[in-house]
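Please walk through this protein model with me, starting from a single side chain and working outward to the whole fold.

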Amino acid sequence: MPEMPEVETVRRTLLPLIKGKTIKEITLWYPKIIASDPTEFVQKLTGQEVVAIDRYAKYLLIRLSNDLTVVSHLRMEGKYRLVDVAAPKDKHDHVQFAFTDNTALRYNDVRKFGRMQLVKTGTEKRTTGISKLGFEPNSHKFTVAYFANCLKHKKKNIKNTLLDQSVVAGLGNIYVDEVLWLTRIHPLSMANKIPPSRVKQLHDNINSLIKLAIAERGTTVHTYLDANGETGGFQKMLRVYGHKGEPCARCGTPLEKIKVNGRGTTYCPKCQVNYQ
């Protein structure tokens, strides 16, 4: 699933491709992708101009004229690409925004899990799934004090705590495994038992890891591509994810893989401390 660095990379590569373009026609080959009313989605967006693209956590916020925003979640395998409007349709293309210059933005999703929702600009943090999210890494609100207070009240393991998005938004399986290894915290550690000094390290490592992953244009492990059809670069820097059985880069102990709430989790059994 694209995580925050991947979605940010999509935002940065997609913006120059479609900013300033006016939507001439919308085709919904698979209307269930639209989480709001599909008919209203088509009617209200036809004739609108793309003015900006923002992002919150794993959500793209495509800003259009007339105070309209398309909130897009790519889920597992959603991708955007710009094509000539006459280009043959791929079997996994589900939504098309045809522009007045005869180009078209197509949304492609093998599993059909992605969703788009049309909202009034400025209401997305109240009317969409964003309302349930915590603060983003590297934001001014994601402070050590905020993070420590959240963990203090979480009576569950740190892996699930970081994945549930209510504490910190945008982390997924890859970056949680990586940041826990970096901070020497076992994934089954109880969130409310982690010492304050280690909580601060975890906070700081989340910020630095996400910043680096964005600079490397995200991680391509399976199918992730940006809006230009290019892969990320952070997969070359992964220390634990996808490295089961290999020696830990820090201590040489073979890395182990377990399931945590159904999610594959790779860690070092020697140098990651289990706080209980």
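Start with F147, in a model that is predicted. Setting aside neighbours within four places in sequence, F147 is in contact with F142, L162, V167, V199, L202, H203 and I206. F147 sits in helix α4, which covers residues 144-152. Its relative accessible area is 0%, so F147 counts as buried. The cut-off for that label is under 20%.

Now take a long step away. L15 is 132 residues from F147 along the chain. Their C-alpha atoms are separated by 32 Å.

Next comes I18, which lies in helix α1. This helix spans residues 4-18. I18 is buried too, with a relative accessible area of 1%. Beyond its neighbours within four places in sequence, I18 is in contact with V50, I53, L82, F99 and L105. One of these contacts, F99, belongs to strand β6, residues 93-99. Another, L82, falls in strand β5, residues 79-84. V51 offers a distance to check: 33 residues from I18 in sequence, but 8.7 Å in space, C-alpha to C-alpha.

Stay in helix α1 for the charged side chains. E8 and R12 both lie there, four residues apart, about one turn of the helix. They form a salt bridge, with the closest N and O atoms 2.6 Å apart. Is E8 buried or exposed? E8 has a relative accessible area of 6%, so it counts as buried. The pair does not stand alone: E8, R11, R12, R55 and E136 are linked in a network of salt bridges.

Another salt bridge joins the side chains of D54 and R63, at 2.9 Å from N to O. The two partners differ in cover. D54 is partly exposed, with a relative accessible area of 33%. R63 is buried, with a relative accessible area of 12%.

R81 and D93 form a salt bridge as well, their closest N and O atoms being 2.8 Å apart. R81 lies in strand β5 and D93 in strand β6, so the pair ties together parts that are 12 residues apart in sequence. R81 is partly exposed, at 27% relative accessibility. D93 is buried, at 0% relative accessible area. How many salt bridges does a search of the whole structure find? The search finds 16.

Step back to the whole chain. The secondary structure comes to seven helices and 10 strands. The radius of gyration is 20 Å, close to the 19 Å that the globule rule gives for 276 residues, so the chain is as compact as a globular protein of that length. Along its principal axes, the C-alpha trace spans about 60 × 35 × 30 Å.

Contacts and cover fill in the picture. Among contacts with a separation of 6 or more, 62% are between residues 24 or more positions apart. Of the 276 residues, 52% count as buried.

Finish with the surface and the charges. The chain exposes about 12,600 Å². Carbon and sulfur atoms supply 50% of that area. The chain carries 43 positive and 26 negative charges. The mean positions of these two sets are 7 Å apart.

Note on methods: Residues are numbered from 1 along each chain as its sequence is written. This is a predicted model: local features need pLDDT of at least 70, side-chain atom pairs count only at pLDDT 80 or more; totals for chains, interfaces and linings use all residues. Side-chain values use heavy atoms; hydrogens and water are left out. Helices (H or I, at least four residues) and strands (E, at least two) are DSSP runs, numbered from the N terminus. The radius of gyration is taken over C-alpha atoms; the globule rule is 2.2 Å times the number of residues to the power 0.38. Buried means under 20% relative accessible area, exposed over 50%, partly exposed in between (1.4 Å probe, protein chains only). Contact means heavy atoms within 4.5 Å. Accessible areas come from the Shrake-Rupley method with a 1.4 Å probe; for residues, only the protein chains shown count as cover. Lys and Arg count as positive and Asp and Glu as negative; His and the chain ends are not counted. The place of a charge is taken as NZ of Lys, CZ of Arg, CG of Asp or CD of Glu. A salt bridge is a side-chain nitrogen of Lys or Arg within 4 Å of a carboxyl oxygen of Asp or Glu.
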